[in-house]
Amino acid sequence: MTTATHQNKVDLLRFNTCGSVDDGKSTLIGRLLYDSKSLMEDQIEALERSADITGGGQINLANLTDGLRAEREQGITIDVAYRYFATPHRKFIIADTPGHVQYTRNMVTGASTANLSIILIDARQGVIEQSRRHAIIASLLRIPHLVVAINKMDLVDWKEERFLEIKDQFEEFLPRLDIKDVKFIPVSALKGDNIVTHSEHTPWYPGPTLLGHLETVHIASDWNLTNFRFPVQWVNRPNNPTDHSLHDFRGLSGQIAGGIVRVGQKVMVLPSGFSSTIKQIWTLDGAVEEAFSPQSVTLVLEHDLDISRGDVIVDAADLPGSSSDLHAKICWMNPRPLTPGKQYLLKHTTQTVKAAVTAIENRINISTLDKEEGITELAMNDLGEVRIKTAKALIFDGYATNRLTGSFILIEPGTNSTVAAGMLLPPTEAARPEYKDFAI
Amino acid sequence: MKCYHLDHLDYLETEAIHIMREVASEFERPAILFSGGKDSICLLRLAEKAFRPSDIPMPFLNVATGHEFHELLEFRDRRAKQLNAKLIVRTVDEALENGIAVQAPGQVSRNQLQIPVLLAAIEEFRFDACIGGARRDEEKARAKERFFSFRDSFGQWDPKNQRPEIWNLYNGRLNPGENMRVFPLSNWTEMDVWEYIKRENLEVPSIYFSHKRCCVRRGGQWVPDTELMPAKPNEEVKEMIVRVRTIGDIISTGCVESPASNCDDIIAEIAAARVTERGSRADDKVSEAAMEDRKKAGYF
């Protein structure tokens, strides 16, 4: 197998794995890297060098991802590590998160940008609490695709009954989750069965290998291509353009957070409510007729409106919500617990506003998905539903509709720490105001 | 039906453009680190994509070791001029002269000495954000690096206390004296960089391509034979057809035997390579945590 080259147009799949030391996660990643020839001689050499020093001569594939001295010394993984590999069909980014410490926080981070999540289940143990937590977080973060890799199949004699039994266990709680696409694959990461090549031990399994699935799973519709949303990031106004025809150029630069935009499209600028039309979609490679999420472009409108960073340009016929009273699920990420009433900064798309959490409605039990009420604080790694009041109305969608216009972070003033990740619930009717048409 | 789906380079590009615009919007005095190397060449193209038709709203900064390949310096100056950008150069030589940097006994390679020079330049110009071309695939300490890498007022990186980065929401808030290092190419691999250089038809310094050079065998690799560190009598010297994969201080930059004379050749060579890019950098081989230690001290 060779790595992807320029000859093929390949796309990019981001996935995350999460698990503890002994469920075979490191072995699985090592196997994917090794079998796709993404491990290099000097990396293997470096592994051997450190094995001689600390590992009693035993090569430890976890050392590949555990890059920091403290991690190697203490045998722990501190944080999310990113790994890269490629096949002729696709490029891959793995977000590898540890299973034991700060589980939720790190998994939320790794999952926030993932197309797919791999849950590893030890075939001897079946579905355990950690498998359920993993699936629940993947569902809350709305990762579009899930792979349940039932590992160590060699240790249960490759029995189909055991595979089906675990599949049933897992499917039992699937109806409570919001995951569209789940794939079950029997593997042995250690021996390489059904990782890159089909196993001779599983004639009863007709499906793809793990890598085969990763290479072919349909990800083109993972982005929102329905509701046009364009948070203005930077106002593009040349001071001394070399090209004099650009003297009056006033562009609005940003990344399309949802939908498709076309020249001639009627749009509205929020929160002001001014209407205009797309005059030009400017890129360095020339003007284009249309552009889509998540492309970064510069829009020119028909009218010269007062627009600045934090404003949002949307399709005039498809308006988002607007409110300063927000209802959201958050994951608390800071050692100091969340207490209602305290002021934070909230960053949403391209603006940062003052905010206060006014009430904690519940804590979500990530093993059962039950909502626990009567909660006074959220501690690190807790997930819960809260009410937030912001100093300025946000222009937003529900996270389920759009991951980019439906998400936010909370920042603690003073320390500037990022203390929470938030997912907005859909706007209520009251948060969908009528905009008067201010067209000039 | 038209396919509204980005290929991998488009995806990496839009991610990086988004980050560059966040920096331009959220920081008062940002700079782009531009060495003339292949990664920073990509950064400049991304800056053009992010900010044109306006000027790139930040100066370029280069911390020169004084041990550069002359092709690199010539290219650096020419490219900055083409882009109509302000180029600030601070050198290790100056810093040694005025005592900002001090050479350790026996230390010849100057990669380490760039740290105090960079920190002094950040202080001199009060830069609050420096955009660099580091990638996570280069080295395992870098695999843990954030897009927005927070540095305290001493320029230090604290890997255990990094801000979580969720979705595309980057927290760039700083207290006075602190600064941010920003790495838009975090998710790029060596292959992506060359594919992008090819796709965008970007010029790179000639030393990346195959050329004739006198090399000396040192520390298990071929390094250029220079007057800075002449070959000792017992060292093997050979004229070879080589290219460089990664550029650092000339005396510690490994040359690989290669006939690759254009981007396509290089892409094919990387696809078949069995050694990583930094496998040819002696400075990373000092210890298991060589890169981690340098980063904690303020390096990229």
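In this predicted model, a useful place to begin is chain B, where the axes of α1(B) and α2(B) come within 9 Å of each other and cross at roughly 70°. Because angles from 65 to 115 degrees count as roughly perpendicular, α1(B) and α2(B) are described as roughly perpendicular to each other. On the side of α1(B), the residues that take part are B:Glu13, B:Ala16, B:Ile17, B:Met20, B:Arg21 and B:Ala24, and they meet B:Leu46, B:Ala47, B:Lys49, B:Ala50 and B:Phe51 in α2(B). Sorted by class, the residues of this contact between α1(B) and α2(B) comprise 8 nonpolar and 3 charged, with no polar ones.

One residue of that contact, B:Met20, leads on to the nonpolar core. Leaving aside neighbours within four places in sequence, B:Met20 is in contact with B:Leu46, B:Ala47 and B:Ala50, and also with B:Ile131 and B:Pro184. The largest nonpolar core has 192 residues, and those that touch the most other members are B:Met20 together with A:Ala149, A:Ile150 and A:Ala420. As a general background to such a core, nonpolar side chains in soluble globular proteins tend to be buried together.

The second helix of the opening pair, α2(B), also has a partner in α6(B). Helix α2, residues 38-51 of chain B, packs against helix α6, residues 190-199 of chain B, at an angle of about 50°, and their axes are 10 Å apart. The two helices α2(B) and α6(B) are therefore oblique to each other, and α2(B) passes α6(B) in a left-handed crossing. The residues that meet here are B:Lys38, B:Asp39, B:Ile41 and B:Cys42 from α2(B), and B:Val193, B:Tyr196 and B:Ile197 from α6(B). By class, the contact of α2(B) with α6(B) holds 5 nonpolar residues and 2 charged residues, and no polar ones.

How much of α6(B) is covered? Of the 10 residues of α6(B), 8 are buried, and the helix is thus mostly covered. The buried residues of α6(B) are B:Glu190, B:Met191, B:Asp192, B:Val193, B:Trp194, B:Glu195, B:Tyr196 and B:Ile197. What covers them includes α1, α2 and α7 (263-272) of chain B, and also β2 of chain A. Just after α6(B), B:Asn201 takes a positive phi of about 55°.

The mention of β2 of chain A turns attention to the contact between the chains. This contact takes 64 residues from chain A and 56 residues from chain B. Strand β2 of chain A, residues 81-86, gives the most to the side of chain A that touches chain B, with 5 residues. That side of chain A divides into 29 nonpolar, 21 polar and 14 charged residues.

Elsewhere in chain B, B:Ile122 has its place in helix α5, residues 114-125. Is B:Ile122 buried or exposed? A residue counts as buried if 20 or more other C-beta atoms lie within 10 Å of its own, and B:Ile122 is buried because 23 other C-beta atoms lie within 10 Å. Not counting residues up to four places away in sequence, B:Ile122 touches B:Phe127, B:Cys130, B:Gly155 and B:Asn179. B:Ile122 and B:Gly177 are 55 residues apart in sequence, while their C-alpha atoms are 9.8 Å apart in space.

Some details of the backbone complete the tour, beginning with cis peptide bonds. A cis peptide bond joins B:Arg52 and B:Pro53, with omega about 5°, and B:Pro53 lies in the loop between α2 and β2 (60-64) of chain B. In chain A, the peptide bond from A:Ser293 to A:Pro294 is cis, with omega near 5°, and the place of A:Pro294 is in the loop between β13 (290-292) and β14 (296-301).

The loop between β5 (145-151) and α7 (160-173) of chain A holds A:Lys152, and A:Asp157 lies in the loop between β5 and α7 of chain A as well. Phi of A:Lys152 is near 60°, a positive value in a residue other than glycine, and phi of A:Asp157 is near 55°, again a positive value in a residue other than glycine. As for their surroundings, A:Lys152 is buried, with 21 other C-beta atoms within 10 Å, whereas A:Asp157 counts as exposed, with 9 C-beta neighbours inside 10 Å.

Methods:
Residues are numbered from 1 along each chain as its sequence is written. Chains are lettered from A and ligands numbered from 1 in the order in which they are written. This is a predicted model: local features need pLDDT of at least 70, side-chain atom pairs count only at pLDDT 80 or more; totals for chains, interfaces and linings use all residues. Axes are lines fitted to C-alpha atoms, for helices over the stretch in contact, and angles run from 0 to 180 degrees between N-to-C directions. Helices (H or I, at least four residues) and strands (E, at least two) are DSSP runs, numbered from the N terminus. Angles under 35 degrees count as roughly parallel, over 145 as roughly antiparallel, 65 to 115 as roughly perpendicular and the rest as oblique. A crossing is left-handed if the near helix is turned anticlockwise from the far one by less than a right angle, and right-handed if clockwise. Two residues are in contact if their C-beta atoms, placed from the backbone, lie within 7 Å. Ala, Val, Leu, Ile, Met, Phe, Trp, Tyr, Cys and Pro count as nonpolar, Asp, Glu, Lys and Arg as charged, and the others, Gly among them, as polar. A nonpolar core is a set of buried Ala, Val, Leu, Ile, Met, Phe, Trp, Tyr and Cys residues joined through C-beta atoms within 7 Å. A residue is buried if 20 or more other C-beta atoms lie within 10 Å of its own, exposed if 12 or fewer, and partly exposed in between; C-beta atoms are placed from the backbone.
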